[in-house]
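Biologist: I have the sequence and the model open side by side. Can we go through it one question at a time?

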Amino acid sequence: MNQAFFDLLPEAIFWLVLLIVSIILVKKTGFSKKPLNTARNSILSMNKKMDEFFTPDTEKKRFVKPTGLKVLAEGRKITSISKDAKKAHDALAVFCYDNRLNKESAETLKTVDTVMDLLYKLSKNVFSNEKDYNKALSSLMKETDRAVKQIQDIVK
Amino acid sequence: MQELIEQFKEFFSLSALNILVMVVIVVAGFYALRKLLLLLKFSLISSRLDNSLVNFVLTAVKIVVYTLFVLHCMSMMGIAVTGFVSAISAVTLAIGLSIQNVIASVANGLMIVSTRPFKVNDFVDIDGISGTVQEVTLMHTILNTPDNKHVFVPNSKVFGSQITNYSTNDLRRLDVLYDVDYESDVEQVRKILLDYALSHPLVLKNPAPAVHYAASKDSSITFTLRVWVKNSDYWPVNWDLQEENFKNLVKGGVTIPFPQVTLSYRSDDKEAGK
């Protein structure tokens, strides 16, 4: 073994460690090489959760603006949906960046943006009366359905 | 001879090991940098920055990072990089000087994207050119004029000019001027102008329309009708108020004057004229 080898070894270890760390970090962000698939899966998961949380059976409940502990429960549901929405948004933003001429993906990104905005307002409990709260929830349902349709049209 | 062969063998085995480590450094470094740049791209995009800005930052960082890495690898392999660095500096300086206008446009483009005096689809007036913003590229701001012309305004000019953005506020005040004869009844004119403004479906009732006596000119009195409208209704309401109020004023017996000059002759002028 010569001296040059020992001089180079720490540097090789440094770059290898950096490579491993960067691979882990990229994986952790949840981005894949196919952002459209990530977006579709996140939107579908978001829609599924929405259906579970706000089923027609609980329709009467959801028309009542939550207070106290109910706010907490509703907040947790909304946080869970928001995570999916954020993931879908970021994946779509990456796809839109890579395919700037794709108008359909830009439209879907806009819809997901609206969903995120509504979720934010619901999570912050900004509505002063039940009517507005109710209106926001029904808009949320409609926008999510639209996002599902739009992403399915792109992916198929 | 045998000793020489042994020395060769030893040399190549040692060099092979060094080359292997170098290859590991180059390959691992290259992929690590690629992944880190990918992370930077994701974070820039998800932070909702403008695409042109993301593109510019990514390209700039890529060039700097890869150049430094290549220089580092060369120095690691024992190649003198001082000459390369000097050459790169000289070339960069030469390019920079020759394309300084382009660089100024790019820098201004970045300023526009980051300060956002307007966004896509806003109706703006830049240095006398009015139009809807189609796109902001690093070099140009592309406007679509109302008569459907595509105008490329250099960003250096955009940033140095006065910009009027008509789309920032939802409402606009529309001022329409009317000149009437000195013989006209002020209250009647006021009523005719106001009645039509209040009956127009696109004129907002709040803030309420108002008529003001604006000026006494050489041949006429000027009235200003001030109404508030939505941005999109500005021109249709303007044409309507101009035309319909002219008709209403004529119908109401109000005379619309034309410039008049009153000449008076002195008696000696009359005699001289004879």
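Modeller: Let us start with the sheet in chain B, bearing in mind that this is a predicted model. Three strands of chain B make an open sheet with antiparallel pairing, and their order is β6-β8-β7.

Biologist: Which are the edge strands of that sheet?
Modeller: An edge strand pairs on one side only. In chain B that description fits two strands, β6 (171-180) and β7 (210-216).

Biologist: By how many degrees are neighbouring strands of this sheet turned against each other on average?
Modeller: Direction is ignored for this angle. Averaged over neighbouring strands of the sheet, the turn is 30°.

Biologist: Which helix packs on the sheet?
Modeller: The helix touches β6 and β8 of chain B. Its direction makes about 25° with that of β6(B). The helix is α7(B).

Biologist: How many bridges join β6(B) to β8(B)?
Modeller: Strands of a sheet pair through backbone hydrogen bonds, either parallel or antiparallel. Here β6(B) and β8(B) run antiparallel. One partnership across them is R172(B) with V229(B) in β8(B). The number of bridges joining β6(B) to β8(B) is ten.

Biologist: And how many bridges join β7(B) to β8 (residues 221-230) of chain B?
Modeller: These two strands also run antiparallel. They form a hairpin, with four residues between them. The bridges joining β7(B) to β8(B) number six.

Biologist: Which residue is the bridge partner of Y213(B) in β8(B)?
Modeller: Look along the β7(B) and β8(B) hairpin. A215(B) stands opposite T222(B) in β8(B). For Y213(B), the bridge partner in β8(B) is F223(B).

Biologist: Why is β8(B) described as largely enclosed by the rest of the structure?
Modeller: A residue is buried when its relative accessible area is under 20%. β8(B) has ten residues. It is largely enclosed because the buried ones among them number seven.

Biologist: Now the charged side chains. How many salt bridges are there over all chains?
Modeller: Side chains of opposite charge can pair when their charged atoms come close. The cut-off here is 4 Å from a Lys or Arg side-chain nitrogen to an Asp or Glu carboxyl oxygen. Over all chains, the count is 16.

Biologist: Which residue meets D127(B) in a salt bridge?
Modeller: The N to O distance is 3.5 Å. The pair links distant parts of the chain, 30 residues apart. D127(B) lies in the loop between β1 (123-126) and β2 (129-136) of chain B, and its partner lies in helix α5 (residues 155-160) of chain B. That partner is K157(B).

Biologist: Are D127(B) and K157(B) buried, partly exposed or exposed?
Modeller: Partly exposed covers the range between 20% and 50% relative accessible area. D127(B) has 43% relative accessibility, and K157(B) has 40%. So D127(B) counts as partly exposed, and K157(B) also counts as partly exposed.

Biologist: Why are K247(B) and E244(B) separated by about one helical turn?
Modeller: Their side chains meet in a salt bridge, 3.6 Å from N to O. K247(B) is partly exposed at 41%, and E244(B) is partly exposed at 26%. Both sit in helix α7 (residues 234-251) of chain B, and they are separated by about one turn because their spacing is three residues.

Biologist: Which residues are joined into one network by salt bridges that share partners?
Modeller: R173(B) and D175(B) form a salt bridge, with the closest N and O atoms 2.9 Å apart. R173(B) is partly exposed at 36%, and D175(B) is partly exposed at 32%. The network joins R173(B), D175(B) and R226(B).

Biologist: How many disulfides are there over all chains?
Modeller: The rule asks for cysteine sulfur atoms within 2.5 Å. Two cysteines to look at are C96(A), buried at 11%, and C73(B), buried at 7%. The disulfide count over all chains is zero.

Biologist: How many helices does chain A have?
Modeller: Chain A has zero strands. From the N terminus on, its elements run α-α-α-α-α-α. The number of helices in chain A is six.

Biologist: What percentage of the residues in chain A is buried?
Modeller: Chain A has 156 residues. It exposes about 9500 Å², with 58% supplied by carbon and sulfur atoms. The buried share of its residues is 38%.

Conventions:
Residues numbered from 1 in each chain as written. Chains lettered and ligands numbered in written order. Predicted model: local features only at pLDDT ≥ 70, side-chain atom pairs only at ≥ 80, totals over all residues. Heavy atoms only, no water. Buried < 20%, exposed > 50% of the residue type's maximum accessible area, 1.4 Å probe, protein only. Pairing = 2+ DSSP bridges. Axes fitted to C-alpha atoms, helices over the stretch in contact; angles between N-to-C directions. Contact = heavy atoms within 4.5 Å. Areas by Shrake-Rupley, 256 points an atom, 1.4 Å probe, with all protein chains shown as cover.
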